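Colleague: Got a minute? I'd like to go through this model with you, one bit at a time.

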Amino acid sequence: MNTGVKITAFAAALAATFGTAYGVGKGVGPVVAAEERPAAGHGEHDAPSVPTAPGGLQVSEGGHTLTLEPSALTAGKRGELRFAVTDAHGRAVTAYEREHGKELHLILASRDLTVYRHLHPVRGADGTWSTPVELPQAGSYRVFADFTPAGGRALTLGADLAVSGTYRPAALPAPSRVAEVDGYRVELAGTPAPGRAGELTLRVSRGGRPVTDLQPYLGAYGHLVALRAGDLAYLHVHPHEGPAGPEVSFTATAPSAGAYRLFLDFRHAGKVRTAAFTVHAH
């Protein structure tokens, strides 16, 4: 479909204002993973137990709420995303446990799963977070905040964000086992299976040679984010202990049959790159 739908800045501001009023989604339990060195533990994501609901589908959980400040973001233009995590009394949270060198990890993905960003916002003294962002296309996005409040449990909250411009809906990318990014080739072996643990192994090569000197990124040789197509149920997982490439392995369990988009962040030669795959759990 080539017909575009115009999304205005006014609509984007409305979505930013009211998008935090609800959480949506179906399914039972997220993809779960074991997390080991070189990263330290990541709260509730360490154990292969299944929470009562997938991460990122709720705007509020455990007395905490993700609140996006109205942001007039326009496709193709650099803007600023601002948000806060508030407690049960409506106060902005200012104390967090540090996980992988950060108090909070922010993921931004388009609803059609063709755009993905792993951002590093800065927190002000009043608890307001901000980060510059430039998104290539208009449409609906989901913002995920992955954090652990001081003395609390790990949470992943999600809120909707609209980006103004001419929106052209895209189909979910076809199933893929190989991703090419900046001259790197990343091959995926394994498929998440509904209700049982399975191994996912990603092999990184460049110019036909295996990459054996991956560099830690936020304390790990790889970061994997899995998003379920449709409701964007979320999980941020980390690899098993192992050498610095060429293979990075994860243990994961899919909460249900269906399509998933996997995003692997890895660092080499001083730069972070992202390889994306579409897989079907069945």
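Modeller: Sure, let's start with Arg273. With a relative accessible area of 10%, Arg273 is buried, where buried means under 20% relative accessible area, exposed over 50% and partly exposed in between, using a 1.4 Å probe and protein chains only.

Colleague: Before we go on, what kind of model is this?

Modeller: It's a predicted model, where local features need pLDDT of at least 70, side-chain atom pairs count only at pLDDT 80 or more, and totals for chains, interfaces and linings use all residues. Residues are numbered from 1 along each chain as its sequence is written, and side-chain values use heavy atoms, with hydrogens and water left out.

Colleague: OK. Which side chain does Arg273 meet in a salt bridge?

Modeller: Asp182, at 3.4 Å, N to O. By salt bridge I mean a side-chain nitrogen of Lys or Arg within 4 Å of a carboxyl oxygen of Asp or Glu. The two are 91 residues apart: Arg273 belongs to strand E21 (residues 271-281), and Asp182 to the loop between strand E13 (178-181) and strand E14 (184-189). Strands here (E, at least two residues) and helices (H or I, at least four) are DSSP runs, numbered from the N terminus.

Colleague: Is Asp182 buried, exposed or partly exposed?

Modeller: Partly exposed, with a relative accessible area of 47%.

Colleague: And how many salt bridges does the structure hold?

Modeller: There are 13 salt bridges. One of them is Arg185 with Glu180, at 3.1 Å, N to O. Arg185 is partly exposed at 33% relative accessibility, whereas Glu180 is exposed, with a relative accessible area of 56%.

Colleague: What about Arg82, which side chain does that one meet?

Modeller: Arg82 and Glu69 meet in a salt bridge of 3.0 Å, N to O. They come from distant parts of the chain, 13 residues apart: Arg82 sits in strand E5 (residues 78-86), while Glu69 is in the loop between strand E4 (64-68) and E5. Both are partly exposed, Arg82 with a relative accessible area of 30% and Glu69 with 28%. Salt bridges with shared partners also bring in Glu80, joining Glu69, Glu80 and Arg82 into one network.

Colleague: Which residues touch that pair from elsewhere? I was looking at Thr128.

Modeller: Good pick. Not counting residues up to four places away in sequence, Thr128 touches Glu69 and Arg82, along with Phe83, Val122 and Arg123; contact means heavy atoms within 4.5 Å. Thr128 is in strand E9 (residues 128-134) and counts as buried at 10% relative accessibility.

Colleague: So what order do the strands take in that open sheet?

Modeller: The order is E3-E4-E5-E9-E8, five strands with antiparallel pairing. Two strands pair if DSSP finds at least two bridges between them. At the edges are E3 and strand E8 (122-123), each pairing on one side only.

Colleague: How do E3 and E4 connect?

Modeller: They form a hairpin with two residues between them, and Gly62 in the turn has a positive phi of about 60°. Strand E3 (residues 60-61) runs antiparallel to E4, joined by two bridges, and Glu61 has His64 as its bridge partner in E4. On the other side, E4 pairs with E5 over four bridges, again antiparallel. Thr65 partners Thr86 there, and Leu68 partners Phe83.

Colleague: Which E4 side chains are buried?

Modeller: His64, Leu66 and Leu68 are, and they point to one face; Thr65 and Thr67 point to the other and are not buried.

Colleague: Switching topic: which residues touch the most other members in the largest nonpolar core?

Modeller: Val186, Phe250, Leu262, Phe266 and Phe277, out of 28 residues. A nonpolar core is a set of buried Ala, Val, Leu, Ile, Met, Phe, Trp, Tyr and Cys residues joined through side-chain atoms within 4.5 Å. Strands that each supply at least two residues of this core include E13, E14 and E21. Another core, of 26 residues, lies apart from it, with Leu66, Val133, Ala145 and Leu161 among them.

Colleague: Last one, Thr148. Buried or exposed?

Modeller: Buried, with a relative accessible area of 7%. Thr148 is in the loop between strand E10 (139-147) and strand E11 (155-163). Leaving aside neighbours within four places in sequence, Thr148 is in contact with residues including Tyr96, Glu97 and Arg153.
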